[in-house]
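I opened my notebook for a fresh look at this one. Here are my entries, in the order I made them.

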Amino acid sequence: MMHQQAFQPTQAFAEFIPGQNFLTTTPQLQAQIGAYNDPFMTQSALHGLSTASVQVNPYAQTNAEAAAPQFYQDASSYKYPLNYHLYTPIGPQRANILPYQRTAADFFIPDDLREDLQRKSEAALQSFANSTLPQTVEYFHSLVALDTGQQKGAATFGYSSWVYKATSYRDGRIYALRRLEGFKLSNAHAIRSIQAWKRIISANLVQVHDAFTGRWFGDSSLVVVTDYHPRSQTLAEKYFAPGRNVRLPSQHIEESELWAYLVQLANVLKTIHEAGLAAQTITPSKILVTSKGRIRLNGCGIFDILNFEQRQAPHELQRNDLTSLGRLVLSIAARSINANANTTRSLEQVGKTYGERLKTCLQRLVLQTSATPGDQSGQSGEFTVQSLLTNIADKVMSTLDSAFEENDQTTAVLMRELENGRLVRLLAKLNIILERPDTSSTPIASNNPALLNQPGSAWSETGERYYLKLFRDYVFHQVDHEGRPVLDLGHIITCLNKLDAGIEEKIQLVSRDEQHVCVVSYKEVKRGFESAWQEIHKAGNPTRK
């Protein structure tokens, strides 16, 4: 009687019929769903479920009548950002745990790093189906414009410049294409100058791969192919974006960050100058911030094509690179894009905010003065990138030490994923073995002798394979004393690791009908697991007898 009184429905439950709007009469549930801001469960999406008579094509790009419940991304428009909170849980971590205890977060990469990689992967796979861009450009396809503004960038190269990402037919990788609109090639040797840049490899350089001209965009355009770094931003966007008030105290730039920029750019200039070339693109709009504290020089090799017939001497261009480097860091330190209009005043401001060492280094770069008594090199000759690196050798070592620390952290994160990859391979083999369909009993088996050798469901239920099935239930299908599922990630990972190691520890495996009990060790389970896998591998390889 007590159970009957406890369950007294206040209203009759209607039978569920596909196509009915079964959530419109439940405002409390709708409010709960709306709190998580799930795009698949909005009011318009739930209302769209009532279109039972509409034939929905889930692979169509748009559907005017039933486009609300879109389980496939609409490629005609870019939905951004995704709901990363649905699969990157961020919560308090327990600190008062014993040394041998682990939390679930210890088995995976950190949430912030995973989210950053997922966002980069999303940006790399972004595509537009109804784009007006050319279908192909040379050996590239699936072009996507990366310029967020509507204005043409013509300040640096003198031509209207556009940037796209595209996929190569040759290797399937994604590259960045920089297009210079209206460029007409007058000398065939000019385009060949890009070959020297293809051999320049540096950790702080956006690698150049190719350059060609064509009329894919309806005009004569120069296209330069470089590496694509998703979700990167330029120094101009980071520090001098329109509307950004960089003079706020919260926008103060640390001196260590300025030295890191100076060291990284000096590193790439050293590689370029040693090859007898000059960058000519040391400007805020051509330096990409690809990750935290990591910058790369972009747009190299373009001026060598544009100014092929009026090119200057290499040593003059290299001297201009050093001057541009000093002006760049000076403008960031002074927090003004126009800091070079009054160099003396900007240097005084830098001297008040930062150390005298940084001011002296920038003064020598911008003004190209002789060595001062404070320089460590003691050289009074021409100022080159080698002498610059000699003067700031201690800052170079600090940057190198930071890179080593970051490498150690990355290696530690990769070690977590290394263990996860081993368990994934183990799970894949286990699921291939268990509950295989019985292909040997089909009518076509007599006509195909190869099917007679394939293991079937009877094979996976007998012998050593039987307690593999019980082991699967022991690991993944455990319940408590009240019959509720046990969701213990630690138990799952521990059991799989013990199986992979094949230890002597014994476990008790119970059948689903609770009529059979098997006491086996992990070593015996592993022996049966490897034996079953070898049988399947032999049956799946027709060359083996």
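**Overall make-up.** I began with the secondary structure and found 19 helices and 11 strands in the protein. I kept in mind that this is a predicted model. Next I looked up burial: of the 545 residues in the protein, 36% are buried. Then I turned to contacts between residues at least 6 apart in sequence, and 60% of these join residues at least 24 apart.

**A helix pair.** I picked helix 11 (residues 343-353) and helix 12 (residues 356-367) for a visit. Two packed helices are described by the angle between their axes and the distance between those axes, so I looked up both. The axes of helix 11 and helix 12 come within 9 Å, and they cross at roughly 160°. Since an angle over 145 degrees counts as roughly antiparallel, I noted helix 11 as roughly antiparallel to helix 12. The handedness of this crossing went down as right-handed.

**Who meets whom?** Which residues of helix 11 and helix 12 meet? From helix 11 I listed Thr343, Leu347, Val350 and Gly351. Helix 12 brings Leu358, Lys359, Leu362, Gln363, Val366 and Leu367 to the contact. Sorting the residues of this contact gave me six nonpolar, three polar and one charged.

**The annotated stretch.** I finished with the record: UniProt, in an unreviewed entry, lists residues 394-432 as "coiled-coil region". How much of residues 394-432 is helix, and how much strand, in the model? I found 100% helix and 0% strand there. The end C-alpha atoms of that stretch are 57 Å apart.

Key
Residues are numbered from 1 along each chain as its sequence is written. This is a predicted model: local features need pLDDT of at least 70, side-chain atom pairs count only at pLDDT 80 or more; totals for chains, interfaces and linings use all residues. Side-chain values use heavy atoms; hydrogens and water are left out. Axes are lines fitted to C-alpha atoms, for helices over the stretch in contact, and angles run from 0 to 180 degrees between N-to-C directions. Helices (H or I, at least four residues) and strands (E, at least two) are DSSP runs, numbered from the N terminus. Angles under 35 degrees count as roughly parallel, over 145 as roughly antiparallel, 65 to 115 as roughly perpendicular and the rest as oblique. A crossing is left-handed if the near helix is turned anticlockwise from the far one by less than a right angle, and right-handed if clockwise. Contact means heavy atoms within 4.5 Å. Ala, Val, Leu, Ile, Met, Phe, Trp, Tyr, Cys and Pro count as nonpolar, Asp, Glu, Lys and Arg as charged, and the others, Gly among them, as polar. UniProt positions are given in the numbering used here, feature names are shortened, and annotations may be inferred rather than shown by experiment. Buried means under 20% relative accessible area, exposed over 50%, partly exposed in between (1.4 Å probe, protein chains only).
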